Amino acid sequence: MQRKLETTVVEGSSGGGAVTVTMNGKKQLLKVKIDPSAVVSLTGGATDVEMLEDWCAAVNAAGQKAEDAIQSSLKGMLGGLNIPGLG
């Protein structure tokens, strides 16, 4: 099941395709694609799309911290029960 989640790849887009996000089945962000024309007005004509696209690691780190917090909370609520798959 874990392997299937890792190999499942999905995409979502917004802004008429100006922003496309690729994620795996474990909800890890793999890629962000931003159409350069979408950021020209933000930078006064010069684009730095690579910098904007390089936030995948930060999103994944935050997602992992959230998952860790959820797991920790579940363990606390279950009173130390040893349930497979919860840590």
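Start with the whole chain and follow it from one end to the other: the pattern you'll trace is α-β-β-β-α-α-α. That gives four helices and three strands to find. Keep in mind that this is a predicted model.

**Colour by confidence**

Switch the colouring to pLDDT before you zoom in. Over the protein the mean is 77, and 79% of the residues reach 70 or more. Which element has the highest mean pLDDT, and which the lowest? Strand 1 comes out on top at 89, while helix 2, residues 40–43, is at the bottom with 66. Where pLDDT is low, the predicted coordinates should not be read in detail.

**Select the three strands**

Now pick residues 9–14 for strand 1, 19–24 for strand 2 and 29–34 for strand 3. Together the three strands make an open sheet, ordered 1-2-3, with antiparallel pairing. Strand 1 and strand 3 sit at the edges with a single partner strand each, so one side of each has no neighbour in the sheet. Look along the sheet and you can follow its twist, which averages 15° from one strand to the next.

**Walk across the sheet**

Begin with strand 1 and strand 2, an antiparallel pair joined by six bridges. Click V10 and then M23 in strand 2, its bridge partner. At the end of this hairpin, four residues lie between the two strands, and in that turn G15 has a positive phi of about 60°.

Move on to strand 2 and strand 3, also running antiparallel, with five bridges between them. Here, select V19 and you'll find I34 of strand 3 standing opposite.

**Stop at the second turn**

This hairpin, too, has four residues between its strands. Select K27, in the loop between strand 2 and strand 3. Most residues other than glycine have a negative phi. K27 is not a glycine, yet its phi is positive, near 65°. Is K27 buried or exposed? It counts as exposed, because its relative accessibility is 69%, above the 50% cut-off.

**Turn strand 2 over**

Show the side chains of strand 2 and compare its two faces. T20, T22 and N24 are on the covered face, and V19, V21 and M23 are on the uncovered one.

Zoom in on T20, in strand 2. Its relative accessible area is 19%, so T20 is buried, with the cut-off set at under 20%. Leaving aside residues up to four places away in sequence, T20 touches E11, G12 and S13, and also K31, V32 and K33.

**Follow V32 into the core**

From T20, hop to V32, which belongs to strand 3. V32 counts as buried because its relative accessibility is 3%. What does V32 touch beyond residues up to four places away in sequence? The list is T20, V21, E53, W55 and C56. Draw a distance line from V32 to C56: their C-alpha atoms are 7.1 Å apart, although 24 residues separate them along the chain.

Next, select L29, V32, I34, V39, V49 and C56 together. These six residues make up the largest nonpolar core. Strand 3 gives the largest share of this core, three residues.

While you're there, centre on I34. Again leaving out residues up to four places away in sequence, I34 touches A18, V39, V49, L52 and E53. Two of the names on that list, V39 and V49, are also in the core you just selected.

**Zoom back out**

Finish with the surface switched on. The protein exposes about 6,500 Å², with carbon and sulfur atoms supplying 58% of that area. How much of the protein is buried? Buried residues account for 14% of the 87 in the protein. If you display contacts between residues at least 6 apart in sequence, 13% of them join residues at least 24 apart.

Conventions: Residues are numbered from 1 along each chain as its sequence is written. This is a predicted model: local features need pLDDT of at least 70, side-chain atom pairs count only at pLDDT 80 or more; totals for chains, interfaces and linings use all residues. Side-chain values use heavy atoms; hydrogens and water are left out. Buried means under 20% relative accessible area, exposed over 50%, partly exposed in between (1.4 Å probe, protein chains only). Two strands pair if DSSP finds at least two bridges between them. Contact means heavy atoms within 4.5 Å. Axes are lines fitted to C-alpha atoms, for helices over the stretch in contact, and angles run from 0 to 180 degrees between N-to-C directions. A nonpolar core is a set of buried Ala, Val, Leu, Ile, Met, Phe, Trp, Tyr and Cys residues joined through side-chain atoms within 4.5 Å. pLDDT is the predictor's confidence in each residue, from 0 to 100. Accessible areas come from the Shrake-Rupley method with a 1.4 Å probe; for residues, only the protein chains shown count as cover.
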